[in-house]
Amino acid sequence: MSVSIIRKKVILNNVELFVLDTETEGPAILCLHGRWGRGEVWADLMRRYGQQYRVIAPDQRGHGLSDKPLSRYTAEEMAEDAVGLLDALGIESCVLLGHSMGAQIAAHAAVMFPDRVNKVAILDKTPAGPPQRLEAPPEEIPDRDPFTGSWPMPFSDLAEARRFMRETLGDPLGVEYFMNSLVETPEGYGMMFSGRAMAANIAYNVDWYGMLPRIECPTLLVRAKYGEDMPDDVWEKAKSLLKHAIVREMPNANHNVHLSDPDTFYGFVDELLHSED
C-alpha cells in the first residue's frame with residue numbers, strides 16, 4: 001500500500017503552520033527540520049514509516065509556507081509550537097525526530113513536555129552556544145541572516161540559483177535543501193523562509209547542554225562522524241549527559257544525516273522505535 005502525504009494548514013494559538021501529514025493509523029512521529037529547511041525534507045521517511053505510523057512534518061514558524069511572525073524563534077518557543085500542533089491534531093504523544101535546529105527544539109520539547117514526547121532523536125546538532133541569551137528585542141534583529149543574507153537574490157531563474165548554490169555550498173544535498181525553499185515572485189526566485197526569523201534564531205541561541213540530563217525518555221543521538229557540527233569534544237560531552245541514549249555515528253554522511261545515507265539512518269530510527277520506554 002502506497003502512503004499519501006496530505007498537505008494542509010493548521011492554526012495554533014498564535015501561528016498558522018503548513019503541515020505534511022500521512023493521516024494514517026498508528027502512533028505519531030513528528031519530524032522537525034533544520035534552519036532554512038522545510039517539512040518536505042522528511043517526505044521519504046514519511047512514506048517509509050507511514051504504513052505503521054502517522055508521520056507529520058511541519059514547516060516550522062519562519063519557514064516555508066508557515067507564518068513568519070516577529071518573535072525570538074527560540075527553541076522554547078518553537079517547542080511550544082510542536083506541542084501545540086499535537087494539540088491541534090488531537091494527538092496525545094509522539095516520537096519526536098529533530099535535525100539540526102529541529103534537534104534542539106526536539107530536546108527542549110522532551111524536557112518541557114515529558115508527557116507528550118515518548119522518544120526523541122537528536123540529529124547532528126551541537127548543544128554548545130553563548131552562555132547568556134541576547135536581551136535586545138526582536139524588532140532590532142537584522143532582516144537578513146548571516147549565512148544567506150549576502151546571496152544575490154532574487155535569482156533570475158532556477159538555473160542561476162542552482163549554479164550559485166553549487167559554487168557556494170559544494171554539496172549536492174545542501175543544494176537541494178535550499179532549492180526546496182525557493183519561491184517564484186514577479187522579481188525572480190527568492191527564499192520562502194524569513195531572513196529576520198533565521199537571524200533571530202541564530203541571535204537568540206544559547207548553550208543547552210543543561211537540557212540533556214533532563215531528558216527522561218529514550219533518546220537517539222546521531223552525528224556525522226567527520227562533520228563539523230558535532231566535533232569529538234562536543235560529541236563526548238553530549239553522550240555523557242544523556243541518561244537513556246542510543247548513540248550512533250555515520251561515517252559516510254554529511255550534516256544532513258537523515259538524507260545522505262538513508263538506509264543506515266533508518267536502521268537507527270528502527271532501533272529507537274523498538275526501544276523500551
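Q: Helices are DSSP runs of H or I with at least four residues, strands are runs of E with at least two, and both are numbered from the N terminus; which helix gives the largest share of the lining of the largest cavity?
A: That's H3, with three residues. Helix H3 (101–112) and helix H2 (75–89) each put at least two residues into that lining. Bear in mind that this is a predicted model: local features need pLDDT of at least 70 and side-chain atom pairs count only at pLDDT 80 or more, while totals for chains, interfaces and linings use all residues. Residues are numbered from 1 along each chain as its sequence is written, and side-chain values use heavy atoms, with hydrogens and water left out.

Q: What makes a space a cavity, as opposed to a pocket?
A: On a 1 Å grid over the protein atoms alone, a cavity is a set of points where a 1.4 Å probe fits but cannot get out, whereas a pocket is an open set with protein on both sides within 12 Å along at least five of seven lines. The structure holds two cavities of 30 Å³ or more. The largest has a volume of about 80 Å³, a volume being the space filled by probe spheres set on the points, with points joined across faces, edges and corners.

Q: Why do residues count as lining the largest cavity, and which lie closest to its centre?
A: They count because each has an atom within 4 Å of a point. Of the 13 that line the largest cavity, Tyr73, Ala75, Gln104, Asn201 and Asn205 are the closest to its centre.

Q: What about the second largest cavity, and which helix gives the most to its lining?
A: That one encloses about 50 Å³, and H2 gives the most to its lining, with four residues. The lining includes Met78, Asp81, Ala82 and Leu85, and Arg61 is there too. By class it has seven nonpolar, one polar and two charged residues, where Asp, Glu, Lys and Arg are charged, Ala, Val, Leu, Ile, Met, Phe, Trp, Tyr, Cys and Pro nonpolar, and the others, Gly among them, polar.

Q: Why is the contact between Asp81 and Arg61 called a salt bridge?
A: The rule asks for a side-chain nitrogen of Lys or Arg within 4 Å of a carboxyl oxygen of Asp or Glu. The closest N and O atoms of Asp81 and Arg61 are 2.5 Å apart, so the pair qualifies. Asp81 sits in helix H2 and Arg61 in the loop between strand S4 (54–58) and H2, 20 residues apart. Both are buried, which means under 20% relative accessible area, with exposed over 50% and partly exposed in between (1.4 Å probe, protein chains only).

Q: How do you know whether Arg133 and Glu76 are buried or exposed?
A: Relative accessible area is 30% for Arg133 and 26% for Glu76. Both values fall between the cut-offs, so each residue is partly exposed. Their side chains meet in a salt bridge, 3.4 Å from N to O.

Q: How many salt bridges does the rule give, and which residues are linked in a network?
A: The count comes to 16, and Lys8, Asp21, Glu23 and Arg54 are linked in a network. Within it, Asp21 and Lys8 meet at 2.8 Å, N to O. Asp21 lies in strand S2 (residues 16–21) and Lys8 in strand S1 (residues 6–11), so the pair ties together parts 13 residues apart in sequence.
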